[in-house]
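Colleague: I would like a close look at one part of this model. Please take the pocket and the elements around it, and set them in the context of the whole chain.

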Amino acid sequence: MVALTESPLDQKALDRLEKLGGAELLARVIDQFLEKVPQRMEAACDRGKAGDLKALGSAVHSIKAAASNVGATEVRDMADRIERLAVQGAKELGIDVTQA
C-alpha cells in the first residue's frame, strides 16, 4: 500500500469556503466543481483541437478559477500552465488575447 504524503486538495481553501458559507456552501461548490469542470475540460479540448487558442485560454481560465475555489491545486496548476501556453501561442500568432 502506498501512503499519500500530501492531499490533492488545499484544506485551507476548503476551510475558507466553509467559514464563508458553512457546510452547505462548501458542499454546493464542490458539487458544482465536480459537475461543471469535466464539461469545461471537454470544451477546452475541443477549442484546442480547433486551434482556437484565445478560446482555449478562456476555457482553462474558468477551470483554474473553479479549481482554486475548492483547493484542487494540481488541477489549478495544470490549467494555469495551459492558459499561459495558449496565451503565449496566440500572441505569437498575432491574436489579440485581451479581454473585451
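Modeller: A contact here means heavy atoms within 4.5 Å. By that criterion, residues 24 or more positions apart account for 54% of the contacts in the protein chain with a separation of 6 or more. The model is a predicted one.

The setting can be given briefly. The protein chain has 3 helices and 0 strands, in the order α-α-α along the sequence. Its C-alpha atoms fill a box of roughly 45 × 35 × 20 Å along the principal axes. Of the 100 residues in the protein chain, 28% count as buried.

Now the pocket. The largest pocket holds about 190 Å³ of space. Its lining consists of Met41, Ala44, Cys45, Leu56, Val60, Ile63, Val75, Met78, Ala79 and Ile82. Sorted by class, this lining comprises 10 nonpolar residues, with no polar and no charged ones. Helix H1 (11-49), helix H2 (53-70) and helix H3 (73-92) each contribute at least two residues to the lining. The most come from H3, which gives 4 residues. As a general point, an α-helix has 3.6 residues a turn, so residues three or four places apart point the same way.

Of the helices that line the pocket, H1 needs a separate description. At 1.5 Å a residue, a straight helix of 39 residues would span 57 Å, whereas H1 spans only 35 Å between its end C-alpha atoms. H1 also bends, by about 125° at Gly21. The buried residues of H1 are Ala13, Leu14, Leu17, Leu25, Leu26, Val29, Phe33, Val37 and Ala44, and these pack against H2. Ala44 therefore appears twice in this account: it is buried, which means under 20% relative accessible area, and it is one of the residues lining the largest pocket.

H3 also carries a residue outside that description. Glu74 is located in helix H3. Glu74 counts as exposed because its relative accessible area is 55%, and the cut-off for that class is over 50%. Glu74 can be placed relative to Leu26, one of the buried residues of H1. The two are 48 residues apart in sequence and 19 Å apart in space, C-alpha to C-alpha.

To return to the part you asked about, the largest pocket has a lining of 10 nonpolar residues, and H1, H2 and H3 each supply at least two residues of that lining.

Technical notes
Residues are numbered from 1 along each chain as its sequence is written. This is a predicted model: local features need pLDDT of at least 70, side-chain atom pairs count only at pLDDT 80 or more; totals for chains, interfaces and linings use all residues. Side-chain values use heavy atoms; hydrogens and water are left out. On a 1 Å grid over the protein atoms alone, a cavity is a set of points where a 1.4 Å probe fits but cannot get out, and a pocket is an open set with protein on both sides within 12 Å along at least five of seven lines; lining residues have an atom within 4 Å of a point. Grid points are joined across faces, edges and corners, and a volume is the space filled by probe spheres set on the points. Ala, Val, Leu, Ile, Met, Phe, Trp, Tyr, Cys and Pro count as nonpolar, Asp, Glu, Lys and Arg as charged, and the others, Gly among them, as polar. The expected span of a helix is 1.5 Å times one less than its number of residues. The bend at a residue is the angle between axes fitted to the seven residues ending there and the seven starting there. Buried means under 20% relative accessible area, exposed over 50%, partly exposed in between (1.4 Å probe, protein chains only).
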